[in-house]
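Please work through the exercises below with the sequence and the model side by side. Each task is followed by a solution that goes step by step.

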Amino acid sequence: MCGIVGVVGKPAREVVLNGLKNLEYRGYDSAGIYLNDLQGNEYLTKAVGRISNLEEKLTPDEEGLVGIGHTRWATHGKPTVDNAHPHVSEDGRFYLVHNGVIENYAELKEKYLQDVDFKSTTDTEVVVQLVDKIAREKNLDAFSAFKEALKLVRGSYAFLLVDNTQPDHIFIAKNKSPMMLGIGDGFNIIASDAISVLDQTKTFIDLQDGDVADVTQDNVVIETIDGKKVERKPHTLDIDPNAASKGTYEFYMLKEIDEQPAVMRRLSQDYFDGDDVKVDPAIVDAMAQSDRIYILAAGTSYHAGLVGKNIIEEYADIPVEVGLASEFGYHFPKLSKKPFFIFLSQSGETADSRVVLKQVNERNLPSLTMTNVEGSTLSREATYTMLLEAGPEIAVASTKAYTAQIAVQAILAKAVGEKKNLEKAKNFDLKNQFALAAEGMQELVDGKEKIDELAKKYLSNTRNAFYLGRGVDYAVALEGALKLKEVSYIETEGFAAAELKHGTIALIEKDTPVITLINDPTTADLTRGNIQEVESRGANVMTFVAKDFAREGDDVVLPQIDYYLSPLVTAIPAQLLAYYASKNKGLDVDKPRNLAKSVTVE
């Protein structure tokens, strides 16, 4: 959920700060840097807010030949200076930065660290205090104590640790969270993303889950937690500026799937003031005065609109119709007396939607474009605009724009509901739900290997598949089916779960893959019944199930968040399933045949 940078062997201050700036998309509610000049002087500086706030706090004499830095998005603990990284052990010996989530931090704290005076409320501080305690009680050097502590830790992490009794070393460890080791001339560098430090080196070592390392300016020792030496060959990244944005990912699609937690954090930053939603009052007023919302879109954006319909009706209490722009534009329906139009488009250039918007403008009706591209045509021509803030989306198959569209619709729904003084909207803790969604997304992308296994097991030799769901899960089933068919060419259809038996179940035969989504508390048991119906006809069923309804044998247990926002997390395994189904078939995931990123002609 954060960005980390470390360097040993060269003036570290600017290297770390520049790297953090390049990683600021990963989190910017607080930042910190630790510097050691190897002459007995050390400096720890932390600030709330963006990297620029951290820079302003640094004094001219704060320099070092070793440095570690961190840019944070708050998960455990509010964005405060005390909760910002690096965290320091109680005796001031160890400094630690961390990207990831420690699942058993409370257990570790209770079992081993009851006598520690904690300065923060983060999961990360538990680890640095644990390393310190093990080093003292077992009289171990830093690297040995670090490895002993890691044996007790459960969760995802990329750690950088400095011991001020041997400050010319940075000790690192990786599990699930991204981390690259860059090899320089007389220095070494570590970062969450190679792209953030390409100005320093183009030679990198891909660290694997379970790797720990002792890094000095001219040497790298990589081991397992148990102390077994391992070899990781370096490679050179020789990439042009356009490809650089893909980093070390083979395909943009996977990179963009992995970026979704960061998108949620960015939306929280941009659309909230404290815990209060922050939306242009003119948009809120116009929508609050309407008697019906018309959402127009195409493809993935249409599916996001189907989710948005549920959210808006629930929290803004306004009826919503969702239409395909390509149909709506040429068969304009009879409208309500006070309509309000929302156009969903990643590019803001979708030709079908422009046809509708032209007619809306001719009727002098209010309209809002939700788009990822500021200044795009739909943005310019609509009355209002709300930006998705997803960053450039290169892969043809949309991923992060889809979840951003759902999130922005939720932001708008809450704002309008509060304007109408609706208790349900006022009590909807949306910012906290976004934080939970971001954590859940991160957990799912960190565990992507399991989805790869499912794709290999069930989708390698099939020509067709089905997605089933009810309520908002039906909307996600449509999107999951689109993703799978557009990048893997597996003929896939999404159905409201009970509708399959009204005809289409005739297509179920032995080993037909059926992916079933269960988040709806009202219909969870009924959907289980639909699973039995297809299983009895030979289907291979995959289940993506919210934690509260999970049973033994379910394939993916989804983190529990508000039902209406559950598509934010359910979409992740569906996107990954499509990605791996395509990749495992040797296809070009980013450029599926016959498709373009933006449909700018009818």
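Two strands pair if DSSP finds at least two bridges between them, and the elements themselves are DSSP runs numbered from the N terminus, helices being H or I runs of at least four residues and strands being E runs of at least two. The model is a predicted one, in which local features need pLDDT of at least 70 and side-chain atom pairs count only at pLDDT 80 or more, whereas totals for chains, interfaces and linings use all residues. Residues are numbered from 1 along each chain as its sequence is written, and side-chain values use heavy atoms, with hydrogens and water left out.

**Exercise 1. Decide where the coordinates can be read in detail.**

Step one is the overall confidence: pLDDT is the predictor's confidence in each residue, from 0 to 100, and its mean over the protein chain is 91, with 96% of the residues at 70 or more. Step two is to look for a weak stretch, and residues 240-244 are such a stretch, since pLDDT stays under 50 there. For these residues the model has 5 contacts beyond four places in sequence, a contact meaning heavy atoms within 4.5 Å. Where pLDDT is low, the predicted coordinates should not be read in detail.

**Exercise 2. Describe the surroundings of strand β7, and state whether its residues are buried or exposed.**

Begin with the pairing on one side, where β6 (residues 94-102) and β7 run antiparallel over 9 bridges; V101 has S156 of β7 as its bridge partner. Continue with β8 (residues 170-175), which is joined to β7 by 5 bridges, again in the antiparallel sense, and in which K174 is the bridge partner of A158. The strands β7 and β8 form a hairpin, with 6 residues between them.

Next, consider accessibility, where buried means under 20% relative accessible area, exposed means over 50%, and partly exposed lies in between (1.4 Å probe, protein chains only). In β7 (residues 155-163), 9 of the 9 residues are buried, so the strand is largely enclosed by the rest of the structure. This holds for both faces: G155, Y157, F159, L161 and D163 point one way, S156, A158, L160 and V162 point the other way, and all are buried.

**Exercise 3. Find the backbone features worth checking in the loops.**

First, the peptide bond from H85 to P86 is cis, with omega near 0°, and P86 is in the loop between β4 (66-72) and β5 (87-88). Second, N364, in the loop between α12 (351-362) and β20 (367-371), has a phi near 60°, which is a positive value in a residue other than glycine; N364 is exposed, at 69% relative accessible area. Third, Y489 has a phi near 65°, likewise positive in a residue other than glycine, and lies in the loop between α18 (472-488) and β23 (491-496), where Y489 is partly exposed at 25%.

**Exercise 4. Characterise the largest pocket and the largest cavity.**

Settle the terms before the values. On a 1 Å grid over the protein atoms alone, a cavity is a set of points where a 1.4 Å probe fits but cannot get out, a pocket is an open set with protein on both sides within 12 Å along at least five of seven lines, and lining residues have an atom within 4 Å of a point. Grid points are joined across faces, edges and corners, and a volume is the space filled by probe spheres set on the points.

The largest pocket holds about 970 Å³ of space. It is lined by 34 residues, of which P178, T248, Y249, D258 and K448 are the closest to its centre. By class, this lining has 14 nonpolar, 5 polar and 15 charged residues, where Ala, Val, Leu, Ile, Met, Phe, Trp, Tyr, Cys and Pro count as nonpolar, Asp, Glu, Lys and Arg as charged, and the others, Gly among them, as polar.

Turn then to the enclosed spaces: the structure holds 2 cavities of 30 Å³ or more, and the largest has about 60 Å³. Its lining includes C2, R72, H85 and D123, divides into 1 nonpolar, 8 polar and 2 charged residues, and receives the most, 3 residues, from β6.

**Exercise 5. Place P573 in its environment.**

P573 is found in helix α20 and counts as buried, at 1% relative accessibility. Not counting residues up to four places away in sequence, P573 touches L444, I451, F544, V556 and L558.
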